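Dear colleague,

I am passing on the structure below, together with some notes on what came out of going through it. Please read the notes with the sequence and the model side by side.

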Amino acid sequence: MANTTIQEMYDAVRRKLEERFPQVPIVEDETALPDQTKGFRIKLLQTTHSLELSRRYRRAHTFLIQYGLDPDQTDPVLAVADLYGTAELLTDVLEWVEAAGRKMRGAGMQFEVSEQKLKFQVAYSFLNWKDAPTETAMGSLHQEGRVEDEQ
C-alpha cells in the first residue's frame, strides 16, 4: 500500500473543489482572500504524525477552505445565503477524497461565516507505514558447534 503525502492530500482536496465548482477560481497565494475576490483558498492548518505500532503511523491533516463572495453581490441577505449554501455543498463534496489510490473520509467538519467570508474546516485521518528494514535480523547469526564423542 502506498503512503500518502501532504501534497497528495492537498491535491485531492483541490481536485474535489475544481470538480464541483469549475467556475470558481482557487487562489494560490498565502494571504487571506482579498475583500474583492471571489474564490476558494485552501490552507493546511495542521498535520499530525504519530507512531501507533511498530512501523504504523497515524496521520491527520486539517484543512481550512476559505470562500469569498462575488464582489458584485450587494444584497447582504443573499450573500449570507450563498455562504451557507456553499458550506452545505462543501460538507457533501469533501466527505470523501481520493489520494494515492486510497479513499479517505473527511471528519470534524465545521464552518463559520464572518465578514462576508466562509471559513470551512475538514480533517482527514489515515495510516501510513514505514518500509521494513532491508537487513534481515533473523538468520544473521553465524554459529559454530562441535559434537564431542564421550568415551
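Which residue in S5 does His 61 stand opposite? His 61 stands opposite Tyr 124 of that strand, and the pairing of strands is taken up again further down.

First, a word on where the values come from. This is a predicted model, in which local features need pLDDT of at least 70 and side-chain atom pairs count only at pLDDT 80 or more, while totals for chains, interfaces and linings use all residues. Residues are numbered from 1 along each chain as its sequence is written, and side-chain values use heavy atoms, with hydrogens and water left out.

**Overall layout**

The chain holds two helices and five strands, where helices (H or I, at least four residues) and strands (E, at least two) are DSSP runs numbered from the N terminus. Read from the N terminus on, the order of these elements is α-β-β-α-β-β-β. Of the 151 residues in the chain, 31% are buried; here buried means under 20% relative accessible area, exposed means over 50%, and partly exposed lies in between (1.4 Å probe, protein chains only). The accessible surface of the chain comes to about 10300 Å², and 49% of it belongs to carbon and sulfur atoms, the areas being computed by the Shrake-Rupley method with a 1.4 Å probe, and for residues only the protein chains shown count as cover. Among contacts (heavy atoms within 4.5 Å) between residues at least 6 apart in sequence, 61% join residues at least 24 apart.

**Strands and turns**

Strands S2 and S5 run antiparallel and are joined by 13 bridges, two strands being taken as paired if DSSP finds at least two bridges between them. S4 and S5 also pair in the antiparallel sense, over seven bridges, and Ala 107 stands opposite Ala 123 in S5. These two strands, S4 and S5, form a hairpin with two residues between them, and Glu 115 in the turn has a positive phi of about 55°.

S3 is joined to S4 by four bridges, and the two run antiparallel; Glu 98 has Lys 103 in S4 as its bridge partner. Along S3 the side chains alternate, with Val 97 and Ala 99 pointing to one face and buried, whereas Trp 96 and Glu 98 point to the other and are not buried. S3 and S4 form a hairpin as well, again with two residues between them.

Most residues other than glycine have a negative phi. Ala 100, in the loop between S3 and S4, has a positive phi of about 55° although it is not a glycine, and with 31% relative accessibility Ala 100 counts as partly exposed. Ser 54 is not a glycine either, yet has a positive phi of about 50°; Ser 54 lies in the loop between S1 and S2 and is exposed, with a relative accessible area of 61%.

**The core**

The largest nonpolar core (buried Ala, Val, Leu, Ile, Met, Phe, Trp, Tyr and Cys residues joined through side-chain atoms within 4.5 Å) has 28 residues, and those with the most contacts inside it are Phe 40, Phe 63, Ile 65, Leu 90, Leu 94 and Tyr 124. The elements that give two or more residues to this core are helix H1 (6–20), strand S1 (39–53), strand S2 (56–68), helix H2 (76–93), strand S3 (96–99) and strand S5 (117–129). Leaving aside neighbours within four places in sequence, Phe 63 is in contact with residues including Met 9, Tyr 10, Val 13, Ile 42, Phe 120 and Tyr 124.

**The helices**

H2 has 18 residues and reaches 25 Å from its first C-alpha to its last, close to the 26 Å expected at 1.5 Å a residue, the expected span being 1.5 Å times one less than the number of residues. In H2, Ala 79, Leu 83, Thr 86, Ala 87, Leu 90 and Val 93 are buried. They cover an arc of only 130° around the axis, which puts them on the same side of H2; the arc is that of the directions from the helix axis to the C-beta atoms. On the other side of H2, Val 77, Glu 88 and Asp 92 are exposed. The buried residues of H2 pack against H1, S1, S2, S3, strand S4 (102–114) and S5.

In helix H1 lies Ile 6, which counts as partly exposed at 38% relative accessibility. Not counting residues up to four places away in sequence, Ile 6 touches Leu 44, Thr 47, Arg 59 and His 61.

With best wishes
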